[in-house]
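I opened this model to look up a few strands, loops and charged pairs. The entries below are in the order I worked.

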Amino acid sequence: MIKEVNVNRAKLLISCPEKPGIISVVSNLLLENKANVVHFDQHTTDPQTGMFFMRIEFDLNDFDVSYAKLEEDLHMLAQDYSMDWSLSGNKKRKRMAIFVSKMDHCLMELIWRWKSNELLVEIPMVISNHPDLKEVVESYGIPYYHIPITHETKQQAEQKALELLKGKVDSIALARYMQILSPKFISQFPNQIINIHHSFLPAFVGANPYARAYNRGVKLIGATAHYVTNDLDEGPIIQQDVKRVNHRHTIEELKVAGSHVERQVFAEAVSWHIEDKVIVHGNKTIVFD
């Protein structure tokens, strides 16, 4: 579905310790700033002593002036409620780099959704450790940077990537990028790097997962999209899905079925992140649909 862009719309995410009156205080603040609320979602982990999470979409008249005033008011309110918050507007699109190796299914899913205006984001660059996908990416007018990586040059390659990214992107999508990012790199984009990987039941880590799954006769294959942390594949999960398979599936058919799940899960996770529908709390996420 092609999304219509309302340039007067803003989104507010809030997380804070549960405290009576939070909803009322935030609602009154929006009212004072003449905001017209169009979507309102909230969740609490415990009504007495838990954490409170809120997502609000609203329209603002005289957007630039009202937006700046609301930011000032939120800074003051945050002090009284020990509140973490983020405010964003549709007038300025987020910028997302894509990292990829050789497999193109997750990369192309994002590009297709971006091209059809389903994914409301700018893609200033694609970075890869292989040259294979340069032609297809550049055919969409997206710059493609090939940065080869060996064990000996990994640190220099990451530094080159960081130099390309500096000041140009807000987040990174790892579209089957088959390299492990260093803690130094990850620290530059906390909770802003999204990864996708297969997640079988049972799980098969390491090389040739589909062949190993075939040999075990799995009945479910799946995928997990999550934020990247220093703990490999253990960051906060954004989205997951599974697909039922059976004894008739060959290894190649398992790969195809798996790629379908991966691209759907990955695109949904990236879209939710771009649309400010995700709040990270510890190693978990609250995802407002």
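The notes that follow go from strands to loops to salt bridges.

**Entry 1: strand 11**

I started by noting that the model is predicted. My first lookup was strand 11, residues 220-227. Is the strand mostly covered or mostly open? I found it mostly covered, with seven of its eight residues buried.

I then looked up its partners. Strand 10, which spans residues 193-198, pairs with strand 11 in the antiparallel sense, and I recorded five bridges. For a register point I noted His-198, which stands opposite Ala-223 of strand 11.

Strand 12 covers residues 237-244 and also pairs with strand 11 in the antiparallel sense, over seven bridges. Here the register point I took was His-226, opposite Ile-237 in strand 12.

I added one general reminder for reading the sheet: in a regular strand, side chains alternate between the two faces.

**Entry 2: a nonpolar patch**

Which residues make the nonpolar surface patch of about 220 Å²? I listed Ile-23, Val-37 and Phe-40. I placed Val-37 in strand 2, residues 35-44. Val-37 has a relative accessibility of 40% and therefore counts as partly exposed, since that class runs between 20% and 50%.

**Entry 3: three loop residues**

I looked up Lys-277 and found it in the loop between helix 8 (251-274) and strand 13 (278-281). Is Lys-277 buried or exposed? Its relative accessible area is 17%, so I entered it as buried. Leaving out residues up to four places away in sequence, I listed its contacts as Arg-55, Trp-272, Ile-286, Val-287, Phe-288 and Asp-289. Arg-55 comes back in the salt-bridge entry, where its partner is Glu-57.

Tyr-140 sits in the loop between helix 4 (134-138) and strand 8 (144-146). I noted a relative accessible area of 24%, so Tyr-140 is partly exposed. Beyond its neighbours within four places in sequence, Tyr-140 is in contact with Met-108, Ile-111, Trp-112, Trp-114 and Lys-115. How far is Tyr-140 from Ile-111 in space, C-alpha to C-alpha? I read 8.2 Å, for a separation of 29 residues in sequence. For Trp-112 I also logged a side-chain polar contact with Tyr-140 at 3.3 Å.

Lys-91 is in the loop between strand 4 (84-89) and strand 5 (94-100). Its relative accessibility is 46%, so I put Lys-91 down as partly exposed. With neighbours within four places in sequence set aside, its contacts are Val-7, Phe-63 and Asp-64. Which of these did I also find in a side-chain polar contact with Lys-91? It is Asp-64, at 3.3 Å. As a distance entry, I noted that Lys-91 and Pro-124 are 33 residues apart along the chain and 17 Å apart between C-alpha atoms.

**Entry 4: salt bridges**

How many salt bridges does the structure hold? I have 14 in the log, and I looked up three pairs among them.

The first lookup was Glu-109 with Arg-113, a side-chain salt bridge at 2.9 Å, N to O. Both residues lie in helix 3 (residues 105-115), four residues apart, which is about one turn of the helix. Glu-109 has 13% relative accessibility and so counts as buried. Arg-113 is buried as well, because its relative accessible area is 17%.

I then followed a network: salt bridges with shared partners join Arg-9, Arg-55, Glu-57 and Asp-59. Within it I looked up the pair Arg-55 and Glu-57, whose closest N and O atoms are 2.9 Å apart. I noted both Arg-55 and Glu-57 as buried.

The last pair was Asp-170 and Arg-95, whose side chains meet in a salt bridge at 3.3 Å, N to O. Asp-170 is in the loop between helix 5 (154-165) and strand 9 (171-174), and Arg-95 is in strand 5, so this pair ties together parts that are 75 residues apart in sequence. I recorded Asp-170 as partly exposed because its relative accessibility is 31%.

How values were computed:
Residues numbered from 1 in each chain as written. Predicted model: local features only at pLDDT ≥ 70, side-chain atom pairs only at ≥ 80, totals over all residues. Heavy atoms only, no water. Buried < 20%, exposed > 50% of the residue type's maximum accessible area, 1.4 Å probe, protein only. Helix = DSSP H or I, 4+ residues; strand = E, 2+ residues; numbered from the N terminus. Pairing = 2+ DSSP bridges. Patch = residues over 30% accessible without salt bridge, like charges linked within 9 Å, V, L, I, M, F, W, Y side chains within 5 Å. Areas by Shrake-Rupley, 256 points an atom, 1.4 Å probe, with all protein chains shown as cover. Salt bridge = Lys/Arg side-chain N within 4 Å of Asp/Glu carboxyl O. Contact = heavy atoms within 4.5 Å. Polar contact = N/O pair within 3.5 Å; in protein donor to acceptor, adjacent residues only side chain to side chain.
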